[in-house]
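Got the viewer up? Load the model, switch on a cartoon, and keep the selection box handy for a short walk along the chain.

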Amino acid sequence: MEAAALSPPDDEHDPEGSTVGFERALVIDLLSQAEADVAALEAALERFDAGTYGRCEPCGRAIPTERLAANPTTRACVGCAQASAAATSSLVRATLKSGVPGSKRRPSASEPAS
Ligand SMILES: [Zn+2]
């Protein structure tokens, strides 16, 4: 492979093209998603070996085959997944409403006021 193939194109000077930084962020995001997928598949294989694959972790009932076909790494039935999502979103709403203590940022004296 030639060295030119390994170095990114000089797209920082192309006003129409995306920047190397953007491409790098995109690749990092795809890589972290792929790593999360691999981890979920490995966890599913461990549950398969343990004989617990296809069983909903919160309620213990069998996860329907259709759901497993659509999402083979799922750990919850539709009902429990929806309950979990609703709990998470209400927690987020409560947090946004009350605010996180100490999260309000005041400009310090060393920063110029804009
Ligand atoms: Zn369940």
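Select I63 first, then show the residues that I63 touches: leaving out anything up to four places away in sequence, these are G54, R55, C56, L68, T74 and C77. Touching here is contact, meaning that the two C-beta atoms, placed from the backbone, lie within 7 Å. I63 counts as buried because 21 other C-beta atoms sit within 10 Å; the cut-offs are 20 or more for buried, 12 or fewer for exposed, and partly exposed in between, again with C-beta atoms placed from the backbone. In the cartoon, look for I63 in the loop between helix 2 (20-50) and helix 3. Now add R75: it is twelve residues along the chain from I63, with 8.2 Å between the two C-alpha atoms.

A word on what you're looking at: this is a predicted model, where local features need pLDDT of at least 70, side-chain atom pairs count only at pLDDT 80 or more, and totals for chains, interfaces and linings use all residues. Residue numbers start from 1 along each chain as its sequence is written.

Next, select helix 2. Its 31 residues reach 45 Å from first C-alpha to last, close to the expected 45 Å, where the expected span is 1.5 Å times one less than the number of residues. Colour helix 2 by burial and the count of buried residues is zero. Just past its end, click G51, which has a positive phi of about 80°.

Jump to helix 4, residues 78-98. Helix 4 has 21 residues and spans 30 Å, close to the 30 Å expected. Helix 4 is hardly covered, with a buried count of zero. G99 follows helix 4, and its phi is positive, near 80°.

Finally, zoom out and colour by pLDDT, the predictor's confidence in each residue from 0 to 100. The chain averages 84, and 75% of the residues score at least 70. Where is confidence lowest, and where is it highest? Helix 1 (residues 3-6) is at the bottom with a mean of 58, while helix 3 (residues 65-70) is at the top with 97. The chain has four helices and zero strands, counting DSSP runs of H or I with at least four residues as helices and of E with at least two as strands, numbered from the N terminus. Of its 114 residues, 4% count as buried.
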